[in-house]
Amino acid sequence: MVDTTVVTGERVSLRPVERDDAEFLQLSMTKPEIRIPLGSNDPMNSHQATEFIENIIEDGDGVSFIVEADDERIGIVAAKSTKPPRPELVYWFIPEYHGQGYGSEAVSCLVEYLFRTVECRGLYARLFDFNDGSRGVLEKLGFTHEGTFREARFIDGEYVDTHHFGLLRREWEAMQSV
C-alpha cells in the first residue's frame, strides 16, 4: 500500500480519507459516544458513509484526514471548508482513545497544516455544552471561547448550548515561537 501520510506528529499521523475508510466512518458514526457529541441523532449506514465520502469529502472544498496511531485508525480531523476567512474544524476519535492526548496532538497537527497551507485569518470550532473532552482539546491548543448559543441544538432528547471557540493565526504563531 502506498503511504499517503500528509502530517506526522509524535504519536499520530494524518492521511487523506479514502473510500476504503467508509466502513470505519460508518462504524464510528453509529456509536452514540461519537455521534451524539457531534450533534447527530441518526446513525449512518454503509451506503450513507460512502455517499458522505463521495459527496462531502471528495467533492467538497474542505480537507479531511484519517488519524492513525500505531497503524490503527483512531479518528478523523477536518476543516469543513478552506474558503472562509476562518474555517470550521471538526474532529472525533473512537472512545478507546479518549483522554490520552491523541485528540490534542491530532488537532494540533491539523491546525499547523491549515495555517501552513491555507490563507486564513484563523480557525473556529463548535462544541456542545456536555462535551468536556472537546473543550479540553481546544483550550489546550489556545482556542478562546468566543460565545455561547443557548439551547441551540436538540440532541439526544434535550436542548443544549453550543459553544464557539476561535484561534487566530497570530495567536498560534505566537504560541509556536515560545
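**Exercise 1. Classify Glu105 by its accessibility, then describe its charged partner and what the pairing connects.**

Solution.
1. Glu105 has a relative accessibility of 15%, so Glu105 counts as buried; the cut-off for that class is under 20%. The model is a predicted one.
2. The side chain of Glu105 forms a salt bridge with that of Arg11, with an N to O distance of 3.6 Å.
3. Glu105 belongs to helix α4 (residues 102–117), while Arg11 sits in the loop between β1 (7–8) and β2 (13–16); the pair therefore ties together parts that are 94 residues apart in sequence.
4. Arg11 is partly exposed, at 37% relative accessible area.

**Exercise 2. Determine how far helix α4 is buried and whether its length agrees with the expected span.**

Solution.
1. Of the 16 residues of α4, twelve are buried, so the helix is largely enclosed by the rest of the structure.
2. Among the buried residues are Tyr102, Glu105, Cys109, Tyr113 and Phe115.
3. At 1.5 Å a residue, α4 should span 22 Å; the C-alpha atoms at its ends are 22 Å apart, which agrees.

**Exercise 3. Analyse the salt bridge between Arg73 and Asp21, and find the network that holds both residues.**

Solution.
1. The closest N and O atoms of Arg73 and Asp21 are 2.8 Å apart, and the cut-off is 4 Å.
2. Arg73 is in strand β4 (residues 72–79) and Asp21 in the loop between β2 and α1 (22–30); the pair links distant parts of the chain, 52 residues apart.
3. Asp21 is buried, with 2% relative accessibility, whereas Arg73 is partly exposed at 31%.
4. Through salt bridges that share partners, Arg15, Asp21, Glu68 and Arg73 are joined into one network.

**Exercise 4. Carry out the corresponding analysis for Glu96 and Lys31, and state the total count of salt bridges.**

Solution.
1. Glu96 and Lys31 form a salt bridge in which the closest N and O atoms are 3.8 Å apart.
2. Glu96 lies in the loop between β5 (88–93) and α4, and Lys31 in the loop between α1 and α2 (32–35), so the pair ties together parts 65 residues apart in sequence.
3. Glu96 counts as partly exposed at 49% relative accessibility; Lys31 also counts as partly exposed, at 29%.
4. The count for the structure comes to eleven salt bridges.

**Exercise 5. Decide whether Cys109 and Cys120 take part in a disulfide, and classify each by accessibility.**

Solution.
1. The structure holds zero disulfides.
2. For Cys109, the nearest cysteine sulfur is that of Cys120, 16 Å away; a disulfide would need the two sulfur atoms within 2.5 Å.
3. Cys120 is likewise in no disulfide, and its nearest cysteine sulfur is that of Cys109.
4. Cys109 counts as buried at 10% relative accessibility, and Cys120 counts as buried at 6%.

**Exercise 6. Locate Leu168 and list its contacts beyond its neighbours within four places in sequence.**

Solution.
1. Leu168 lies in strand β8, which covers residues 158–168.
2. With a relative accessibility of 21%, Leu168 counts as partly exposed.
3. Leaving aside neighbours within four places in sequence, Leu168 is in contact with Arg86, Phe115, Arg121 and Gly122.
4. Phe115 is one of the buried residues of α4. Phe115 and Leu168 are 53 residues apart in sequence, and their C-alpha atoms are 9.7 Å apart in space.

Notes: Residues are numbered from 1 along each chain as its sequence is written. This is a predicted model: local features need pLDDT of at least 70, side-chain atom pairs count only at pLDDT 80 or more; totals for chains, interfaces and linings use all residues. Side-chain values use heavy atoms; hydrogens and water are left out. Helices (H or I, at least four residues) and strands (E, at least two) are DSSP runs, numbered from the N terminus. Buried means under 20% relative accessible area, exposed over 50%, partly exposed in between (1.4 Å probe, protein chains only). Contact means heavy atoms within 4.5 Å. The expected span of a helix is 1.5 Å times one less than its number of residues.
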